[in-house]
Amino acid sequence: MATPRLTIATIATDVPMGAQAYQSQIARRTVESLSSVSSERWSFRPLTFRSLRSTLAGNRRLPIGRVAAASPAARRAIGRVLYAGDAVSHRMTLELPPSPHVDVATLHDVVAWRFSDESAPVRAAAEELRRSAAVICVSTFTASEAVDLLGIRDPHVIPNGVDARYFDAEPLDAARRRALGLEGPYVLHAGGAALRKNLAALAEAWPRVHRERPDLLLALAGPPHPQRTALFEGMPGVRLLGRLPDAQMPGLVASAQAVVVPSLYEGFGLPVLEAMAANVTVVAANTSSLPEVAAGHALLVEPDAAAISAGLLDAASGDPALSALVAGGREHAAGFTWERSALAHARVWNSLR
């Protein structure tokens with residue numbers, strides 16, 4: 001009997017975010033996780049696509065924009081070439097075409113269908129997802145959105161893991177904090193600046209916090225974005241850090257008085273768990289997947305300025321009750337490992353063989 005082959009297909013990017021962390025963490029554990037759940041020996045082929053003139057790392061070239069915009073029939077034809085010989089093909093981004101074999105796809109969220117300021121959805125994606133052998137969603141919330149909005153049947157819920165570097169991470173030393181302009185205590189927001197991130201409400205909340213706690217800083221980390229700059233530039237007590245090296249992020253989180261996640265909509269909300277792993281208080285909006293991921297170990301607030309400011313002041317108050325909240329969060333985060341996530345993926349792949 002021929003050795004079954006699994007292909008994991010991704011797209012190279014120069015601005016890796018949460019989805020790219022997911023891709024790399026699962027891919028690097030694929031061989032080990034499959035050997036743990038299957039009596040068969042599988043072969044594994046990682047495909048990393050890049051555009052025709054891209055200088056990014058990858059092992060295949062593809063006119064990605066044209067493929068994403070192609071007709072369903074054309075995408076199927078391209079998929080027959082890309083995934084020839086596979087037993088199971090797992091597309092970790094919907095821009096890539098479906099496999100004619102066992103097609104598995106990851107759906108992190110449905111923001112492309114929900115929010116007009118996000119990238120438009122791939123035209124064929126919803127139908128392709130409905131035809132897939134399996135759709136993996138990162139939270140129960142996203143799975144419910146997939147069913148209700150896209151008509152997907154029986155999606156698999158497999159949560160993300162937390163990078164091990166965040167667990168009990170060492171705070172930044174004084175020199176590194178000074179270099180970032182973070183000499184005093186600070187609360188941290190890390191991530192994007194799309195409208196669903198609700199930075200407008202955080203910007204409205206911050207002056208209220210600053211009046212009560214002028215010693216407290218707001219640190220904003222993430223790729224440069226005109227929306228974030230317009231909202232916060234020149235605001236007292238705010239530090240716009242830009243995109244920082246990935247290696248610096250665990251220490252930045254661990255040094256914070258609190259991490260704030262005020263989003264209107266998240267498919268998962270990994271910053272919540274990263275902060276918990278680093279023993280930091282979390283203030284999160286009581287929306288979308290965030291209550292599910294926080295599981296009672298965060299200060300959940302309504303996504304408006306008054307509630308966000310009150311939550312931040314509570315988080316920075318030094319209330320002894322916060323110690324129990326943080327300890328519970330650390331224990332909760334420990335259950336979200338990439339090893340566990342990879343094993344759950346392998347069970348899905350193996351069940352479809």
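This report walks through the overall build, the main sheet and two glutamates of a predicted model.

## Overall build

Let's start with the whole chain. The protein chain has 16 helices and 13 strands. Its radius of gyration is 21 Å, which agrees with the value near 20 Å that a compact globule of 353 residues would have. Put the C-alpha atoms in a box along the principal axes and you get roughly 70 × 40 × 40 Å.

How do the contacts spread along the sequence? Take the contacts between residues at least 6 apart in sequence: 65% of them join residues at least 24 apart.

## Surface and charge

Buried residues account for 53% of the 353 in the protein chain. As for what the chain shows to the outside, the exposed area is about 15,400 Å², and 52% of that comes from carbon and sulfur atoms.

On the charge side, there are 35 positive and 33 negative charges, and the mean positions of the two sets sit 11 Å apart.

## The seven-stranded sheet

Seven strands make up an open sheet with parallel pairing, and the order across it reads S3-S2-S1-S4-S5-S6-S7. Strand S3 (60-61) and strand S7 (156-157) are the edge strands, each with pairing on one side only.

Zoom in on one pair within this sheet. Strand S1 (residues 5-11) runs parallel to strand S2 (residues 43-50), and seven bridges link the two. One of the residues to look at here is Thr10, whose bridge partner in S2 is Thr48.

## Glu266, in a loop

Is Glu266 buried or exposed? With a relative accessible area of 10%, Glu266 is under the 20% cut-off, so Glu266 counts as buried. You'll find this residue in the loop that connects strand S11 (258-261) with helix H12 (270-277).

Which residues is Glu266 in contact with, leaving aside neighbours within four places in sequence? The list holds Phe141, Arg196, Lys197, Ser288, Ser289 and Leu290. Arg196 and Lys197 are among the residues counted as positive, while Glu266 itself falls in the negative group.

## Glu339, in the helix H16

Glu339 belongs to helix H16, which covers residues 338-351. Its relative accessibility is 44%, so Glu339 is classed as partly exposed; that class takes in values between the 20% and 50% cut-offs.

Where does the chain bring Glu339 together with a residue far off in sequence? Gln25 is 314 residues away along the chain, yet the C-alpha atoms of Gln25 and Glu339 are separated by 8.6 Å.

Notes. Residues are numbered from 1 along each chain as its sequence is written. This is a predicted model: local features need pLDDT of at least 70, side-chain atom pairs count only at pLDDT 80 or more; totals for chains, interfaces and linings use all residues. Side-chain values use heavy atoms; hydrogens and water are left out. Helices (H or I, at least four residues) and strands (E, at least two) are DSSP runs, numbered from the N terminus. The radius of gyration is taken over C-alpha atoms; the globule rule is 2.2 Å times the number of residues to the power 0.38. Buried means under 20% relative accessible area, exposed over 50%, partly exposed in between (1.4 Å probe, protein chains only). Contact means heavy atoms within 4.5 Å. Accessible areas come from the Shrake-Rupley method with a 1.4 Å probe; for residues, only the protein chains shown count as cover. The place of a charge is taken as NZ of Lys, CZ of Arg, CG of Asp or CD of Glu. Two strands pair if DSSP finds at least two bridges between them.
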